[in-house]
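User: Please take a close look at one part of this model, the helix packing. Start with a single helix pair and work outward from there. Short sentences are fine.

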Amino acid sequence: MSTTVETGAAGAASTEARMSRREVLQALSGLMVGIFVSILAATVVSNALPVIIADLGGSQSIYTWVVTAELLAMTASVPLWGKLADLVSQKLLVQLSLTLFVAGSLLAGFSQDTTMLIVARVVQGIGAGGLTALVQIVMAAMIPPRELGRYAGIFGAVFAVATVAGPLIGGVIVDTAWLGWRWCFFMGVPFALLAIVLLQKTLKLTQVKRRGVQIDWLGALLITAGVSTLLIWVTLAGNDFDWLSGTTALMVGGAAVLLALALFVESRVAEPVIPLGIFRNRTVALTTLASALVGIAMFGGTVFLSQYFQISLGYSPTEAGLLSLPMVGGLLVSSTVAGALITKTGTWKRFLVAGGVLMTLGFGLLSTIDAQTSIWLLGAFMVVLGVGVGLLMQNLVLAAQNDVPARELGSATSVLSFFRSLGGTIGVSVLGAVLASRVAGDLAVLGGGESGGGETTVPDVSSLPPEVARVVQDAYGNATAELFLIATPLAALALLVVLFIKEKPLKTTSGAERLAEEQAELPLAH
């Protein structure tokens, strides 16, 4: 008798949880605006950063820190947002993350020095961490894995428009004297407020309450402290102190102790922030490793492209934004087409493999660039890279979400986002240090500037004498190519990992439906 009742309850919950396509599209409107504003804030700064750092008197290492600070905060906060999604209203959490994002944007816009700007980017990063984890968790709750590809085109379009619009808007803003770079941060605020209102009106999730869920605050604190210490060391080593030094030993040793304690805590608490048992799932373990490698290669290899366009090739911020179109176009087309084909056929691994091949090829081609590279050739290389990244990023998440119980959707999604962001932060930090060191060394040898390790000031090429400008352009061109050369074997390793992922049929029920069924079956185990 009890079995019949429980099964009936699960069926009712499943029926209630299933959303029509119209309801899904309405709910996606607020989510997509949220994602749009998050990507816009990251990309709008890319072309403006050389101007911002020069105006605030920052160095090359500060340039890296402005990018790294947001990535670091986003990385450290993602697992906690994912776990909170199992306990608190997911709609409320998305709105909270947007509110934090607004606060960080306003603080950044009013920054008076680089320290205040970095603090503001940290606040932005915490908000972006919520959006990164929660949007994918909410989509998995609403949409079955088999149907997710149908909506990948919308996500890809929003990603592409924000990625293209951001640098263009940022370039126009800094090129417009009566606006100034501060509006790069202010202009995202109305979009974030619009997203909060849309979510309130359109996002109506059936909240299936988890029984006995607790937040592992100690584990979250230890993970955040350990990862942050390690990444701060990666960023500062080689600039503020030697790689082999007492400070290095202290920071690395401290990070190791904190992370060891975190592992100890996570292995014993009932509801860990990062469930270690989830890595017993082969698909989750491999997609997590691949996501980390994609993050290192993609963020680390591409974040300095705008600087290359402006300093090495001599383009304006607005023109640098236009130059990103080939990569974004490749990403948009590949993610949209692959999503539609995955929904139609139910197969997905071939797209991951093709993405790994093309991403590796794209980085390899970009490792040949210099200050004299043809813009058409550069565009072709960027298309190859964009297509590869478009085939990989979302489909890695899809593979993991498809292969875990619904009660672990939040954890699995946030773990992938965490390690991709962690990889990106490491990539930006390490490759930023490589770029700063290489540029400083080249300028010292060639006599085009002062050597200062990572503290060489980011130059305004237009104000330099022609002979000095050429030396600076060559230095940045060669250094950027070296970054892509370093990213190439990392992309190849991601391809190797993808080859070992086992393809499984995509489920046809949404996360909310699966969770309702799992919850109804729990008493049967006793």
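Analyst: Helix H5 passes helix H6 in a left-handed crossing. This is a predicted model, so read every value below as computed from predicted atoms. The general frame comes first. Two packed helices are described by the angle between their axes and the distance between the axes.

Take that pair in those terms. The axes of H5 and H6 (residues 114–142) come within 8 Å and cross at roughly 155 degrees. That angle makes H5 roughly antiparallel to H6, because angles over 145 degrees count as roughly antiparallel.

Now look along H6. Valine 123 sits in this helix. Is valine 123 buried or partly exposed? Its relative accessibility is 23%, so valine 123 counts as partly exposed. The cut-off for buried is under 20%. Valine 123 also has a partner from elsewhere in the sequence, alanine 69. The two are 54 residues apart in sequence, yet their C-alpha atoms are 9.1 Å apart in space.

Back to H5, which has a second partner. The axes of helix H2 (residues 21–44) and H5 (residues 90–109) come within 11 Å, crossing at roughly 30 degrees. H2 is therefore roughly parallel to H5, because the limit for that label is under 35 degrees. The handedness of this crossing is left-handed too.

Glycine 34 comes next. Leucine 193 and glycine 34 are separated by 159 residues in sequence, but by 9.1 Å from C-alpha to C-alpha. Leucine 193 belongs to helix H9, residues 189–202. With 44% relative accessibility, leucine 193 counts as partly exposed.

Move on to helix H12, which covers residues 282–302. Alanine 292 is in this helix. At 14% relative accessibility, alanine 292 counts as buried. Threonine 425 is 133 residues away from alanine 292 in sequence. In space, the C-alpha atoms of that pair are 9.9 Å apart.

Next, helix H13 (residues 305–312). The axes of H13 and H19 come within 9 Å and cross at roughly 160 degrees. So H13 runs roughly antiparallel to H19. H13 passes H19 in a left-handed crossing.

H19 spans residues 466–499, and leucine 499 lies in it. Leucine 499 is partly exposed, at 44% relative accessibility. Leucine 499 also helps to form a nonpolar surface patch of about 370 Å². The other members are Leu493, Leu496 and Phe500. Why can leucine 499 join a patch? Its 44% relative accessibility clears the required value, because patch residues need over 30%.

Beyond H19 comes a charged contact. How many salt bridges are counted? The count is 1 salt bridge. Lysine 504 pairs with aspartate 403, with the closest N and O atoms 3.1 Å apart. The pair links distant parts of the chain, 101 residues apart. Lysine 504 is in the loop between H19 and helix H20 (511–521). Aspartate 403 is in the loop between helix H17 (375–402) and helix H18 (409–446).

How do the two partners differ in accessibility? Lysine 504 is partly exposed, with a relative accessible area of 32%. Aspartate 403 is at 14%, so it counts as buried.

Definitions and conventions:
Residues numbered from 1 in each chain as written. Predicted model: local features only at pLDDT ≥ 70, side-chain atom pairs only at ≥ 80, totals over all residues. Heavy atoms only, no water. Patch = residues over 30% accessible without salt bridge, like charges linked within 9 Å, V, L, I, M, F, W, Y side chains within 5 Å. Areas by Shrake-Rupley, 256 points an atom, 1.4 Å probe, with all protein chains shown as cover. Salt bridge = Lys/Arg side-chain N within 4 Å of Asp/Glu carboxyl O. Helix = DSSP H or I, 4+ residues; strand = E, 2+ residues; numbered from the N terminus. Buried < 20%, exposed > 50% of the residue type's maximum accessible area, 1.4 Å probe, protein only. Axes fitted to C-alpha atoms, helices over the stretch in contact; angles between N-to-C directions. Parallel < 35°, antiparallel > 145°, perpendicular 65-115°, else oblique. Left-handed = near helix turned anticlockwise from the far one by under 90°.
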